[in-house]
Amino acid sequence: MRVMIIGGTRFIGPPVARQLTEAGHDVTVFHRGQTESELPRRVAHIHGDRLQFAEHHDEFKQLQPDVVLDMAAFTQQDALATVTAFRGVARRLVVISSQDVYRAYGRFHESEPGVLERVPLTETAPLREKLYPYLGEGRGLDSYDKILVERAALGSTILPATILRLPMVYGEGDYQHRLLLELKRIDDRRPAILIEQRMAAWRWTRAYVENVAAAIALAVTDERATNRIYNVGDTEALTYAEWVRLVGHEARWGGSVVVAPDNTLPPKLSPLKGNYNQHLVADSTLIRVELGYQEPVPRMEALRRTIAWEREHRPENVDRLLDYATEDVALAELRARAAADAPRSPLLP
Ligand SMILES: NC(=O)c1ccc[n+]([C@@H]2O[C@H](COP(=O)([O-])OP(=O)(O)OC[C@H]3O[C@@H](n4cnc5c(N)ncnc54)[C@H](OP(=O)(O)O)[C@@H]3O)[C@@H](O)[C@H]2O)c1
């Protein structure tokens, strides 16, 4: 099968390109040439900007991809451009979306207050009613909305589409370094990692990058995925405290996760803004039942590899993000309060 990947050279794209190539498919990545990573030599590159797809029309026609996999559509305009460029050229489109399309995300993000959404979220769960979730946050994401990306991608009968909604993805190459602060504390042999109760109990669906890549490769190569929308993610969504304990276990940490009552930690240690009563748990049964998806890499092996990569690629400025003196004071206060609250033993003076 000939597969054209739009993007494909940063984090999740490279393992997808690798897995498809190893399975014998011909892969071409289309990207600007600003981000390069080690891809198999058989992978062909077309350098160009997706804002100027029209300049590459002849190359696309000559290549005649069976499937176009868009890993880098963030706006409605992005997705419309892909549909326009590959309608009548490719047979099928696969688009990478996100679980931030669900209304539960709006509840969590506090942009759409209301009754908590029931989890786990299936693919038919209500979507956000407010568009542009990051508008005005100054992160260059004002036009970002995967709801509009999905709508545009699903809008053509000539180029049928598959949508994959991804959870929080971790693993080698993660430029967001999702384990950064926890792992740094663990490696510095901190006695404790402090977490406020509401965040400690918060569940979020995660997935390891190689496993996500396997789900994407499956959706690309299995025709049954045509016109379908699938959640991707681990079957079990751990709480944040469980997740940190697991990382600590795999990293051979002797410390403990200490859960503090809500609003008792100093601002530096408080959770980021969000309604942590709203869990972000997705149900990934559909892709398992319909396409037979299974994770190729077990969770502890995934964590082992991620920890090794994170240790080798730790950003230099990480110390600036941590304040162990403040943590020590907070921990001592918590312990003092716990000791004072504990019922006095009649044997103690
Ligand atoms: N990471 C997560 O936790 C997570 C969660 C949910 C959803 N997702 C979704 O997963 C997808 C994949 O993310 P990723 O970072 O791993 O992607 P990736 O495909 O590995 O990297 C992004 C690619 O897009 C290319 N690119 C960027 N702007 C371009 C442009 N204007 N024209 C052509 N190519 C362009 C980059 O190469 P050049 O720089 O060389 O152009 C790079 O190859 C995204 O759609 C993201 O929204 C990720």
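Here is a short conversation about a predicted model and the ligand it holds.

Colleague: Let's start with Thr75. Where is its place, and why is Thr75 called buried?

Modeller: Thr75 sits in the loop between strand E4 (67–70) and helix H3 (76–86). Buried means under 20% relative accessible area, and Thr75 has 15%, so the word applies.

Colleague: What does the side chain of Thr75 reach, and what makes that a polar contact?

Modeller: The side chain of Thr75 comes to 3.0 Å from the backbone nitrogen of Asp78. The cut-off for such a pair is within 3.5 Å, so this distance fits the definition.

Colleague: And Ala217, how do you know whether this residue is buried or exposed?

Modeller: Ala217 belongs to helix H8 (residues 209–221). Its relative accessible area is 10%, and the limit for buried is under 20%, so Ala217 is buried. The C-alpha atom of Ala217 is separated by 55 Å from that of Ala342, 125 residues apart along the chain.

Colleague: Now helix H12. How do you know that its span agrees with its number of residues?

Modeller: H12 covers residues 324–341, which is 18 residues. At 1.5 Å a residue the helix should span 26 Å, and its end C-alpha atoms are 25 Å apart, so the two values agree.

Colleague: What makes you say that the buried residues of H12 line one face?

Modeller: The buried residues are Glu327, Ala330, Leu331 and Leu334. Looking down the axis of H12, they fall within an arc of 100°, so they share one face of the helix. An α-helix has 3.6 residues a turn, so residues three or four places apart point the same way. Ala325, Ala339 and Ala340 are exposed on the other side of H12.

Colleague: Let's turn to the ligand. Which atoms of the protein make polar contacts with the ligand, and how do you know?

Modeller: Here are some pairs to set against the limit of within 3.5 Å. A backbone N or O atom of Gln34 is 2.7 Å from a ligand oxygen. A side-chain N or O atom of Thr35 lies 2.4 Å from an oxygen of the ligand. A polar backbone atom of Arg50 is 2.9 Å from a ligand nitrogen. The protein buries 90% of the 920 Å² that the ligand exposes when taken alone.

Colleague: Which residues come nearest, and what makes up the shell around the ligand?

Modeller: Of the 30 residues around the ligand, Thr9, Ile12, Arg32, Thr35 and Arg178 come nearest. The shell divides into 12 nonpolar, 12 polar and 6 charged residues. Strand E5 (92–98) is one of the contributors, and E5 gives the most, with 3 residues.

Note on methods
Residues are numbered from 1 along each chain as its sequence is written. This is a predicted model: local features need pLDDT of at least 70, side-chain atom pairs count only at pLDDT 80 or more; totals for chains, interfaces and linings use all residues. Side-chain values use heavy atoms; hydrogens and water are left out. A residue is near a molecule or strand if one of its heavy atoms lies within 4 Å of it. A polar contact is a pair of N or O atoms within 3.5 Å; within protein, one must be able to donate a hydrogen and the other to accept it, and residues adjacent in sequence count only if both atoms are side-chain atoms. Accessible areas come from the Shrake-Rupley method with a 1.4 Å probe; for residues, only the protein chains shown count as cover. Helices (H or I, at least four residues) and strands (E, at least two) are DSSP runs, numbered from the N terminus. Ala, Val, Leu, Ile, Met, Phe, Trp, Tyr, Cys and Pro count as nonpolar, Asp, Glu, Lys and Arg as charged, and the others, Gly among them, as polar. The expected span of a helix is 1.5 Å times one less than its number of residues. Buried means under 20% relative accessible area, exposed over 50%, partly exposed in between (1.4 Å probe, protein chains only). The arc is that of the directions from the helix axis to the C-beta atoms.
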